[in-house]
Amino acid sequence: MSNTTSRFPRKPVLFCDFDGTITLNDNIIAVMKHFNPPGWETIVTDILNESKTIQQGVGEMFALLPTSMREEVTAYILNNAGIRAGFPELLEWCKANNVPFFVTSGGIDFFIYPLLEPFGIPADHIYCNGSDFSGDTIEITWPHACDDACDHGGCGMCKTAVIRRFPTDEYYRILIGDSVTDFAGAKIVDLVFSRSHLTEKCQQLGLPHIPFDTFHDIIHHLGQGGLKS
Ligand SMILES: [Mg+2]
Ligand SMILES: [Zn+2]
């Protein structure tokens with residue numbers, strides 16, 4: 001282990017959200033705002049105030065869009081999603097320090113894989129939801145749904161199920177995220193790098209967190225051993 005990572009009490013592992021974290025904005029919200037199918041705003045409100053599960057809400061939102069719009073929706077996301085500053089540098093830092101990096105996303109495969117393509121992240125380090133365009137409307141599929149140990153439920157892509165594969169006695173678990181898809185995971189990690197709604201949630205719950213703006217901020221804190229800086 002390098003000098004940098006030996007500043008951590010155990011081997012660090014990173015779990016990084018995609019929408020609104022790796023990308024500057026939430027791509028699902030951006031698509032809904034742009035194409036504006038009737039009813040999407042109520043669904044988002046219900047997800048944010050946790051009266052509807054993420055799985056239910058995300059499924060319902062995409063079901064508002066006809067599959068005939070596949071090209072249009074995909075092109076809109078690929079042309080409009082900006083990558084947050086410092087992301088390639090964070091991946092380099094992880095490689096140099098032998099720190100495993102996982103994308104744990106509540107987003108959808110048809111835009112995540114193309115957007116991450118330039119960064120060379122192994123496919124088995126990317127967890128997200130799937131999609132089925134064979135029907136009349138877009139159907140979201142859930143290859144990484146909650147396991148029995150998830151007490152949150154309805155995550156869609158269950159971040160806690162992925163995180164639990166890295167036992168706490170061996171790993172110092174670090175989550176990077178911004179919003180509702182990160183709430184359950186934030187409760188079971190050692191440290192959260194947070195933005196936006198996730199910062200508020202961490203404050204409310206008293207979870208150890210460091211607010212960040214760019215991935216350069218995260219590299220800085222990781223270099224100093226997380227919260228100790
Ligand atoms: Mg997000
Ligand atoms: Zn879950």
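**Figure 1. Overall size of the protein chain in the predicted model.** With 229 residues, a compact globule would have a radius of gyration near 17 Å, and the value of 17 Å for this chain therefore agrees with that expectation. Along the principal axes, the C-alpha atoms fill a box of roughly 55 × 35 × 25 Å. The chain has 10 helices and seven strands. Of its 229 residues, 39% are buried. Among contacts with a separation of 6 or more, 59% are between residues 24 or more positions apart.

**Figure 2. The open sheet and its edges.** Seven strands make up this sheet, in the order β4-β3-β2-β1-β5-β6-β7, and their pairing is mixed. At the edges stand β4 (139–141) and β7 (209–211); each has a single partner strand, so one side of each is left without a neighbour in the sheet. On average, neighbouring strands are turned by 25 degrees against each other, direction ignored.

**Figure 3. Strand β5 and its two neighbours, β1 and β6.** Strand β5 covers residues 171–177, and six of these seven residues are buried, so the strand is largely enclosed by the rest of the structure. On one side, β5 runs parallel to strand β1 (residues 11–16), joined to it by six bridges. Two residues of β5 can be located by their partners: Arg-173 is the bridge partner of Val-13, and Ile-174 stands opposite Leu-14. Strand β6 (residues 191–194) also pairs with β5 in the parallel sense, over four bridges. Here Ile-176 has Phe-193 of β6 as its bridge partner. In a regular strand, side chains alternate between the two faces of the sheet.

**Figure 4. Helix α9 on the sheet.** Helix α9 (residues 196–205) packs on the sheet and touches β5, β6 and β7. The direction of α9 makes about 140 degrees with that of β6.

**Figure 5. The buried and exposed sides of helix α2.** Helix α2 spans residues 40–48, and its buried residues are Trp-40, Ile-43 and Ile-47. Seen down the axis of α2, these residues fall within an arc of 60 degrees, so they line one face of the helix. An α-helix has 3.6 residues a turn, so residues three or four places apart point the same way. The buried residues of α2 pack against α1 (27–35) and α3 (54–62). Thr-42 and Thr-45 are exposed, on the face of α2 turned away from its buried side. After α2 comes Glu-50, with a positive phi near 60 degrees.

Note on methods. Residues are numbered from 1 along each chain as its sequence is written. Chains are lettered from A and ligands numbered from 1 in the order in which they are written. This is a predicted model: local features need pLDDT of at least 70, side-chain atom pairs count only at pLDDT 80 or more; totals for chains, interfaces and linings use all residues. The radius of gyration is taken over C-alpha atoms; the globule rule is 2.2 Å times the number of residues to the power 0.38. A residue is buried if 20 or more other C-beta atoms lie within 10 Å of its own, exposed if 12 or fewer, and partly exposed in between; C-beta atoms are placed from the backbone. Two residues are in contact if their C-beta atoms, placed from the backbone, lie within 7 Å. Two strands pair if DSSP finds at least two bridges between them. The arc is that of the directions from the helix axis to the C-beta atoms. Axes are lines fitted to C-alpha atoms, for helices over the stretch in contact, and angles run from 0 to 180 degrees between N-to-C directions.
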